[in-house]
Amino acid sequence: MMRRRNASRGFTLVELMVALVIALVAMLAAISLYVGTRQTYRIQGMQSRLSEDGRFAISMLQRLTLQAGFRDNPATAITAGYITPVTSSQFTVKFTGDNVNTVGCSGAAVTGAQSLTISENSTDKKLTCGAVDWIAPAGSGTELMDFLVEYGVDSGPNTTPAEYGCGADIASTVYKERDCVADAYPVAATALASMDKIVALRFCLVLRTEDTDVSVNKNAAYKDCSNVDIANSQTDHKLYRTFRTTVQVRNR
């Protein structure tokens, strides 16, 4: 009587190779998905930092500009040089703080006479207010590539007889009739015939991420606030964003 042999059959070489190929394809797909997700997360993080820092800088510029010339009593003479243009990237705001409605460079309430200078530090790529860094690469990963201040001038003529109008100091006897609308936005302080004609300030900020990502490619160079190409911006694999705002001067 013949006994049947218990034959145990394993995988053939072809089956092993097919299984290995399928496993490799699945692994490559998983790796590709992981890399893509990580890269997307990184890009979104860079964009978020740009947006947050830009919005913060714009909000502080708006807040301090709106405080220019502030004093507790509107009948008190306005501080001389409440808006003092220095250069196209630097200006000074003066006001009298009341420790409630007014803030300084750090955002904390201030009191008494204040003179705050906002300026660009092109060497360190910072935007500073006094000794406070609003945009600082080492702290936030965001670099300031350009900062431009334009001074909105209302050049409307004074009227005769004099009537109270835009730009008149309540404490003085000098009355001016203007429409409080800027007729021009000269950049250079020397282009301003009279500081009391400044009715608005227009700001432009160009920010760039300190971090890079190889997936960030540009077809052309990024422009600064004066519409000039930023050197190496086309190939530096960094994100750029421009922020603009116009602020009306109100404490006049």
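Val93 of strand β2 stands opposite Leu116 in β3. In this predicted model, Val93 also has a partner on the β1 side, where Ile83 stands opposite it. Another facing pair between β1 and β2 is Thr84 with Thr92. Strands of a sheet pair through backbone hydrogen bonds, and the pairing can be parallel or antiparallel. Here β1 and β2 run antiparallel and are joined by four bridges, while ten bridges join β2 to β3, again an antiparallel pair.

The turns between these strands can be followed along the chain. β1 passes into β2 (residues 90–103) through a hairpin with two residues between the strands. The hairpin of β2 and β3 has five residues between its strands, and within it Gly107 takes a positive phi near 95 degrees.

These strands belong to an open sheet of five, in the order β1-β2-β3-β4-β5, with antiparallel pairing. Why do β1 and β5 each have one side without a neighbour in the sheet? β1 (83–87) and β5 (132–135) stand at the edges, and each has a single partner strand, so one side of each is left open in this sense. On average, and with direction ignored, neighbouring strands of the sheet are turned by 30 degrees against each other. In a regular strand the side chains alternate between the two faces of the sheet.

Helix α1, which covers residues 13–67, lies across four of the strands: β2, β3 (109–121), β4 (126–129) and β5. The helix runs at about 80 degrees to β2.

The cysteines come next. How many disulfides does the structure hold? The count comes to two. One of them joins Cys105 to Cys129, with an S to S distance of 2.0 Å. Cys105 lies in the loop between β2 and β3, whereas Cys129 is in strand β4, so this disulfide ties together parts that are 24 residues apart in sequence. The torsion about the S-S bond of Cys105 and Cys129 is about -60 degrees, which makes the disulfide left-handed. Cys105 and Cys129 are both buried.

Another disulfide is formed by Cys204 and Cys225, whose sulfur atoms are 2.0 Å apart. Cys204 is in strand β7 (residues 198–209) and Cys225 in the loop between β7 and β8 (240–248), so the bond connects parts 21 residues apart in sequence. With a torsion of about -85 degrees about the S-S bond, the disulfide of Cys204 and Cys225 is left-handed. Are these two cysteines buried or exposed? Because the cut-off for buried is under 20% relative accessible area, Cys204 counts as buried at 2%, and Cys225 counts as buried at 10%.

The aromatic side chains give a further set of contacts. A pair of aromatic rings is described by the distance of the centres and the angle of the planes. Three aromatic pairs are found in a search of the whole structure. In one of them, the rings of Phe91 and Phe203 have their centres 5.5 Å apart and their planes at 35 degrees, so the pair is tilted. This pair links distant parts of the chain, since Phe91 is in strand β2 and Phe203 in strand β7, 112 residues apart.

Phe203 also pairs with Phe147: the ring centres are 6.3 Å apart and the planes lie at 5 degrees, so this pair is stacked. Phe147 belongs to strand β6 (residues 142–153) and Phe203 to strand β7, so the pair again links distant parts of the chain, 56 residues apart. Together, ring pairs link Phe91, Phe147 and Phe203 into a cluster. Phe91 is buried, as is Phe203. Phe203 has a relative accessibility of 1%, and Phe147 is buried too, with a relative accessible area of 2%.

One more ring has a charged partner. Which residue lies over the face of Tyr185? Arg202 does, at 3.8 Å from the ring centre.

Technical notes: Residues are numbered from 1 along each chain as its sequence is written. This is a predicted model: local features need pLDDT of at least 70, side-chain atom pairs count only at pLDDT 80 or more; totals for chains, interfaces and linings use all residues. Side-chain values use heavy atoms; hydrogens and water are left out. Two strands pair if DSSP finds at least two bridges between them. Axes are lines fitted to C-alpha atoms, for helices over the stretch in contact, and angles run from 0 to 180 degrees between N-to-C directions. Contact means heavy atoms within 4.5 Å. A disulfide is a pair of cysteine sulfur atoms within 2.5 Å. Buried means under 20% relative accessible area, exposed over 50%, partly exposed in between (1.4 Å probe, protein chains only). Rings of Phe, Tyr and Trp (its six-membered ring) pair if their centres lie within 6.5 Å; planes under 30 degrees apart count as stacked, over 60 as edge-to-face and the rest as tilted. A charge sits over a ring if NZ of Lys or CZ of Arg is within 6 Å of the ring centre and within 35 degrees of the ring normal.
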